[in-house]
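Reader: Please take a close look at one strand of this model and at what surrounds it, going slowly, since I am new to reading structures.

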Amino acid sequence: MAGSTDFEPLKILLTLDGSEFAERAIPVAQRLAHVPGTEVHLFIVADPGLAAAHVTAGLGQANATPGPSVKDEPLDVAAELPTSVELMLEHYLETVARQFPRCIVKPVVRVGPYPAAQIAAYAEVHDIDLIVMATHGRSGLNRLVHGSVAGEVLR
């Protein structure tokens, strides 16, 4: 039809990291996902080293409360890491998923290094049409020091 504004549903990959900054990309993805049936893949990668530090910090806070001490139990952060971190991230993505009521939402949690490589590989394997992500817009020395996941994905 001439002048028709019908669009095919897209496959959108929305990358998040749990930060307010990354969540600035959510409204952009919502606007792009206006066609019913659009697939929104909510994607988060947790670095295992940072996740282990988070779990360990959480255990430290648990020890500050009255009652039986977690210190009395054998501590195997590596064994607890995948379950606790992945469950926490899955819950986070379920919360974000509610913001896409007319879409097919696919939450994806990965624990591992190299988020840019994981994002690019996932997008290729799943025939993603569009990647939506926030970027700090760093340049120069600041970019060299802190890196740019968005820049790596673009390359």
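Author: A residue is called buried when its relative accessible area is under 20%, exposed when that area is over 50%, and partly exposed in between (1.4 Å probe, protein chains only). The model is predicted, so local features need pLDDT of at least 70 and side-chain atom pairs count only at pLDDT 80 or more, while totals for chains, interfaces and linings use all residues. Residues are numbered from 1 along each chain as its sequence is written, and side-chain values use heavy atoms, with hydrogens and water left out.

The part to look at is β1, which is mostly covered, since five of its six residues are buried; strands (E, at least two residues) and helices (H or I, at least four) are DSSP runs numbered from the N terminus. It belongs to an open sheet of four strands in the order β3-β2-β1-β4, with parallel pairing, where two strands pair if DSSP finds at least two bridges between them. At the edges stand β3 (104-111) and β4 (130-132), each with a single partner strand, so one side of each has no neighbour in the sheet.

On one side β1 pairs with β2 in the parallel sense over six bridges, and L13 stands opposite H41 in β2. With β4, which also runs parallel, β1 shares three bridges, and here L14 stands opposite V132. Helix α4 (residues 115-125) packs on this sheet, touching β1, β2, β3 and β4 (heavy atoms within 4.5 Å). The buried residues of α4 are A116, Q118, I119, Y122 and A123. Seen down the axis of α4, these residues fall within an arc of 165 degrees (taken from the directions from the axis to the C-beta atoms), so they line one face of the helix, whereas the face turned away from the buried side carries the exposed residues E124 and V125.

The strand also leads into the largest nonpolar core (buried Ala, Val, Leu, Ile, Met, Phe, Trp, Tyr and Cys residues joined through side-chain atoms within 4.5 Å), where, of 21 residues, L14, L16, L42, L93, V96 and F100 touch the most other members. The elements giving two or more residues to this core are β1 (11-16), α1 (26-32), β2 (39-46) and α3 (77-97), and the largest share, six residues, comes from α3. Apart from this core lies another, of eight residues, among them L13, V108, Y122 and I128. Leaving out residues up to four places away in sequence, F100 touches L14, I26, A29, Q30, A33, V40, L42 and V105.

Conventions: Axes are lines fitted to C-alpha atoms, for helices over the stretch in contact, and angles run from 0 to 180 degrees between N-to-C directions.
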